[in-house]
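Subject: Structure handover

Hello,

Please find the structure below, for your own work. My notes on what was found in it follow.

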Amino acid sequence: MGIGSAGTILGVAELVSVPVGRSSAPLDAFGSAVVDNTPQGLREWVIGTFGTNDKLLLFAVMIAVAVGVAAAAGALERITRPLGSALFVLFGAAGVAAAVTRAHATWTSALPTVVGVGCGLVVLRILVRRVPGAQSGTDATAAGTGSATSGPSRRGFLGGLAAFGALALTTGAAGRLLAVRAADVSGNRAAVRLPVPAEPAPPVPAEVSVPGPVSFLTPNSGFYRIDTALTVPQVSTDDWTLRIHGLVDREITIGYADLAARRPIERVLTMTCVSNPVGGNLIGTARWLGYRVADLLAEAGVRPGADMVLSTSVDDFTAGTPLSALTDGRDAILAIGMNGEPLPIPHGFPARLIVPGLYGYLSATKWVTDLEVTRFDRARGYWARRGWAVSGPIKTEARIDTPKSGAALTPGPVAIAGIAWAQRRGVTAVEIQIDDGAWTPAQLSAEYSIDTWRQWVYRWDATPGKHTIRARATDGTGVVQTADVREPVPDGASGYPSISVRVG
Ligand SMILES: Nc1nc2c(c(=O)[nH]1)N[C@H]1C(S)=C(S)[C@@H](COP(=O)(O)O)O[C@H]1N2
Ligand SMILES: [Mo]
């Protein structure tokens with residue numbers, strides 16, 4: 001009964017949210033509020049345990065909570081009216097609060113929840129009236145177990161429940177479907193013709209030829225994805241603009257078509273997430289096509305005194321990037337292409353930032369629409385406001401990709417291989433340690449640039465027994481990767497990657 005009414009609330013709200021906007025649907029609004037306020041420890045645990053399924057998990061938890069609250073509301077309403085209704089109104093108020101405080105919310109954002117709760121209350125009232133024995137004053141719990149279970153009132157009640165349940169499901173499903181259809185920009189993306197780069201990226205190096213390690217270029221389909229967006233933002237090239245303002249001589253706004261008048265460059269760059277644990281896979285290398293951020297900033301004219309650019313996405317994620325990282329000559333780009341395709345929608349279509357040498361949370365804003373030239377003493381990015389470092393270099397790290405930890409190997413030649421990265425400094429050596437033996441150099445693939453990872457391989461003559469294998473990299477400044485074990489918070493994990501294998 002409560003569940004039927006709650007279903008109606010969510011179903012109707014979904015439908016109403018179609019014209020109003022997806023982020024106003026109560027589940028989405030609540031979910032986004034949860035994401036924005038999740039303590040960092042819990043976030044790391046969720047990402048570590050569920051990876052990119054974190055959003056599915058959140059929706060599953062929210063639906064489970066909704067079912068629980070709904071059942072409680074139904075029971076309450078039967079015992080003491082209108083306690084159940086009050087519970088719905090309470091959660092409705094929380095839903096409204098979540099919806100109207102979202103990015104770009106207006107008073108209409110409250111509509112889906114308000115209309116949904118209104119319908120839900122009516123359904124609850126109707127169903128409560130129909131509960132068998134409700135009029136005759138029979139004990140509510142006895143009604144479900146008594147011998148009158150096949151009586152006409154019970155049939156009527158179940159019929160009502162089934163009808164409202166079906167109605168809730170169809171409105172909800174129709175709402176979702178309509179919303180997804182209406183917003184989807186994949187057609188727009190498919191029609192994009194990327195410009196030919198004025199400066200193409202140099203060819204990629206020969207790969208180390210052993211099976212197992214990752215390829216030098218990460219395919220788009222296998223590229224890690226990290227963001228706070230519950231539903232992937234859909235921004236068409238017609239709607240997209242980039243506003244550059246703040247401490248500038250003249251504020252400018254650039255539309256997608258305006259980009260064609262500018263000079264496209266192509267660069268192969270390795271991106272890393274600060275949440276990547278030692279040995280983790282939140283890292284990838286792609287061929288990015290786009291425009292120098294420095295050129296765009298120069299068009300607006302950066303004023304003296306500025307030291308940061310706060311970039312904002314359409315869903316209000318922000319990153320505070322040191323101005324110097326955008327203007328010191330490195331290849332910081334406003335990217336529109338990834339590995340020869342328009343940016344995939346989950347990776348920021350139609351435009352995002354890529355800044356070599358900085359973790360993604362400080363620089364790689366997807367669906368970017370706003371660059372505010374400002375100062376670190378005036379603004380903070382999304383994660384910097386939540387306890388992560390305000391700045392800091394990507395740490396020098398090696399990763400072992402093959403063999404897998406726990407592998408059973410036969411004695412004799414074994415290729416141990418992986419990648420190492422130290423963007424902006426470059427990797428000059430990778431060394432391997434078997435058990436407590438001496439650190440011995442691995443063979444490296446040619447250096448592509450200091451901003452990309454290097455592949456490495458170590459040919460080992462495996463001897464019978466159980467072995468622990470560690471790796472460590474040395475960067476272009478001569479500094480050896482630290483053995484100091486750190487968790488990702490606040491400025492990136494560190495320590496040696498290690499695997500254990502059994503030979504014999
Ligand atoms: N709009 C938006 N951009 C974002 C984020 C986000 O949450 N929202 N996350 C950042 C983080 S933490 C990382 S590591 C990179 C990941 O980019 P990818 O998903 O394309 O790999 O995007 C960055 N850009
Ligand atoms: Mo990240």
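Residues 230–383 are 8% helix and 37% strand, and the C-alpha atoms at the two ends of this span lie 17 Å apart. In UniProt, an unreviewed entry lists 230–383 as "domain: Oxidoreductase molybdopterin-binding". Please keep in mind that this is a predicted model.

The unreviewed UniProt entry also carries the feature "transmembrane region", placed at residues 56–76, 83–101, 107–128 and 157–179. I have figures for two of these spans. Residues 83–101 are 95% helix and 0% strand, with 27 Å between the end C-alpha atoms. Residues 107–128 are 82% helix and 0% strand, and their end C-alpha atoms are 32 Å apart.

Ligand site

Ligand 1 sits in the second largest pocket. Around ligand 1 there are 19 residues, and those that come nearest are Tyr-224, Thr-228, His-347, Arg-352 and Lys-366. By type, the shell holds 9 nonpolar, 5 polar and 5 charged residues.

Which polar contacts does ligand 1 make through an oxygen atom? One involves the side chain of Lys-366, where a polar atom lies 2.5 Å from an oxygen atom of the ligand. Another involves His-347, with 2.7 Å between an N or O atom of the side chain and a ligand oxygen atom. At Ile-226 the partner is a polar backbone atom, 3.0 Å from an oxygen atom of ligand 1. On its own, ligand 1 has 540 Å² of accessible area, and the protein covers 99% of it.

Backbone points

Three places in the backbone may be of use when you set up your own checks. As background, most peptide bonds are trans, and most residues other than glycine have a negative phi.

- The peptide bond from Phe-349 to Pro-350 is cis, with omega near 5°. Pro-350 is in the loop that runs between strand E8 (341–342) and strand E9 (352–354).
- A cis peptide bond also links Thr-402 to Pro-403, here with omega near -5°. The loop holding Pro-403 is between strand E11 (397–402) and strand E12 (408–409).
- Asn-339, a residue other than glycine, has a positive phi, near 50°. Its place is in the loop between strand E7 (333–338) and E8.

To connect two of these sections: strand E9 covers 352–354, and Arg-352 is among the residues that come nearest to ligand 1. His-347, which is also in that nearest group, has the side-chain contact at 2.7 Å given above.

Regards

How values were computed
Residues numbered from 1 in each chain as written. Chains lettered and ligands numbered in written order. Predicted model: local features only at pLDDT ≥ 70, side-chain atom pairs only at ≥ 80, totals over all residues. Heavy atoms only, no water. Near = heavy atom within 4 Å. Polar contact = N/O pair within 3.5 Å; in protein donor to acceptor, adjacent residues only side chain to side chain. Areas by Shrake-Rupley, 256 points an atom, 1.4 Å probe, with all protein chains shown as cover. 1 Å grid on protein atoms, 1.4 Å probe; cavity = no way out; pocket = protein on both sides within 12 Å on 5 of 7 lines; lining within 4 Å. Sits in = over half its atoms within 2 Å of the grid points. Nonpolar A, V, L, I, M, F, W, Y, C, P; charged D, E, K, R; others polar. UniProt positions renumbered as here; feature names shortened; annotations may be inferred. Helix = DSSP H or I, 4+ residues; strand = E, 2+ residues; numbered from the N terminus.
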